[in-house]
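Let's walk through this structure together, one neighbourhood at a time. Keep the viewer open as you read, and pick out the residues as they come up.

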Amino acid sequence: MCFSATASFVASGVLATIGVATLRHVREPRALLFAAVPLLFAGHQFCEGLVWLAFHGMLGRVALDHAVLLFMLYALGVLPTLMPAAVALMEPPGWRRIAIVGLTIAGAFVCAWNIAGLILFPIHAFVEHFSIAYRNAMTSNMIVSVVYILATCGALLLSSHRVVRTYGVVNVVGLTIVHLVKGYAFASVWCFYAAILSVMLYWQFNRRKINIGTPNDTSPPHAPFLLPWLRGSRFAPGPRP
């Protein structure tokens, strides 16, 4: 597939729509961060769309630098902390939650390291084989990359929720394929893949497949929605008898 500004902006629009729809089906506060992943990816893809526009001469150098920085801050800074934290919030007490919290702490260290690198060293972004490659002297570190993958994907694979583990497995498969096929533009291509893959979260919340209280059980059909205002007044739950 050829990536472009159009692909990024279309993906952003679709993800934003699906992200709002996903939030409409959140029934428990602890699932809110995980349900917000598609919406957050929408903003991320919008940033890369701006990078493409800058490469085509439609935006200036300052806009390019800011768009590249925002894209990298989310890809390398936010994600390794966001993903394990979202999974940890939904995890019941036990060894799995302890391990996932540990991965969240590791992800926070990766976040701090990468943000420092993005601030202290220049970011080089360029188009290579229809994809955008990003380079930074401090973030291109093998050990940091391994911990990054463990934090983002390992937390998903450790979850007690079967649907979350499935999401993690598909992410690992995609990560491996992207590394083998388009390793030179890994950050861009994998983030695009992960963004599109986050659409499956809407299906999980819509089908009530994520139950915080009892993992792998269906959430109660009459449980109140956390964000009823997203559904409009005619969908808001009425008073109980």
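What follows is a tour of the strands, a few chosen side chains, and the empty space in the model.

Before anything else, please bear in mind that this is a predicted model. Everything below is computed from its atoms.

A good place to begin is the pair of strands. Strand E1 covers residues 123-128 and runs antiparallel to E2, with 6 bridges joining the two. You can follow the pairing from residue to residue: Ile123 has Asn136 in E2 as its bridge partner, and Val127 stands opposite Ile132 in E2. The two strands form a hairpin with 2 residues between them, and there His129 takes a positive phi near 55°. Is E2 mostly covered, or is it open? Mostly covered: 5 of the 6 residues of E2 are buried. As a general aid to reading such elements, side chains in a regular strand alternate between the two faces of the sheet.

Now look at what lies against this hairpin. Phe55 belongs to helix H3, which spans residues 37-55. Leaving aside neighbours within four places in sequence, Phe55 is in contact with Leu64, Ala125, Phe126, Val127 and Ile132. Two of those names are familiar, since Val127 and Ile132 are the residues that stand opposite each other across the strands. Is Phe55 buried, partly exposed or exposed? Phe55 counts as partly exposed, because its relative accessible area is 28%, and buried would require a value under 20%. For a sense of scale, take Ile105, which is 50 residues from Phe55 along the chain: the C-alpha atoms of the two are separated by 36 Å.

Tyr184 also meets the hairpin. Tyr184 sits in the loop between H7 and H8. Not counting residues up to four places away in sequence, Tyr184 touches Glu128, His129, Ala133 and Arg135. One of these is His129, the residue with the positive phi in the hairpin. Arg135 is 49 residues from Tyr184 along the chain, yet the C-alpha atoms of Tyr184 and Arg135 are 9.5 Å apart. With a relative accessible area of 23%, Tyr184 is partly exposed.

Next, turn to helix H4, which runs over residues 61-90. How many salt bridges does the model hold? The count comes to 1, and the pair is Arg61 with Asp65, whose closest N and O atoms are 3.2 Å apart. Both residues lie in H4, 4 residues apart, or about one turn of the helix. The two partners fall into separate accessibility classes: Arg61 is exposed because its relative accessibility is 57%, while Asp65 is partly exposed because its value is 38%.

Further along H4 you will find Thr81. Thr81 touches Thr104, Gly107, Ala108 and Cys111, not counting residues up to four places away in sequence. At 23% relative accessibility, Thr81 counts as partly exposed. Leu39 lies 42 residues from Thr81 in sequence, and the distance between their C-alpha atoms is 16 Å.

Finally, consider the empty space. Rolling a probe the size of a water molecule over the atoms shows where such space is left. The model has 3 cavities of 30 Å³ or more, and the largest cavity has a volume of about 70 Å³. Which residues line the largest cavity? They are Phe41, Leu79, Met83, Thr152, Cys153, Leu156, Tyr167, Asn171 and Trp190. Helices H4, H6 and H7 each give two or more residues to that lining, and H6 gives the most, with 3. By class, the lining has 7 nonpolar, 2 polar and no charged residues.

The largest pocket holds about 650 Å³ of space. Its lining is made of 27 residues, and Thr139, Ser145, Gly183, Phe186 and Ala187 lie nearest the centre. H4, H5, E2, H6, H7 and H8 each supply at least two residues of this lining, with the largest share, 5 residues, coming from H6. By class, the pocket lining has 18 nonpolar, 8 polar and 1 charged residues. H6 therefore deserves a second look in your viewer: H6 gives the most to the lining of the largest cavity and the largest share to that of the largest pocket.

Methods. Residues are numbered from 1 along each chain as its sequence is written. This is a predicted model: local features need pLDDT of at least 70, side-chain atom pairs count only at pLDDT 80 or more; totals for chains, interfaces and linings use all residues. Side-chain values use heavy atoms; hydrogens and water are left out. On a 1 Å grid over the protein atoms alone, a cavity is a set of points where a 1.4 Å probe fits but cannot get out, and a pocket is an open set with protein on both sides within 12 Å along at least five of seven lines; lining residues have an atom within 4 Å of a point. Grid points are joined across faces, edges and corners, and a volume is the space filled by probe spheres set on the points. Ala, Val, Leu, Ile, Met, Phe, Trp, Tyr, Cys and Pro count as nonpolar, Asp, Glu, Lys and Arg as charged, and the others, Gly among them, as polar. A salt bridge is a side-chain nitrogen of Lys or Arg within 4 Å of a carboxyl oxygen of Asp or Glu. Buried means under 20% relative accessible area, exposed over 50%, partly exposed in between (1.4 Å probe, protein chains only). Contact means heavy atoms within 4.5 Å. Two strands pair if DSSP finds at least two bridges between them.
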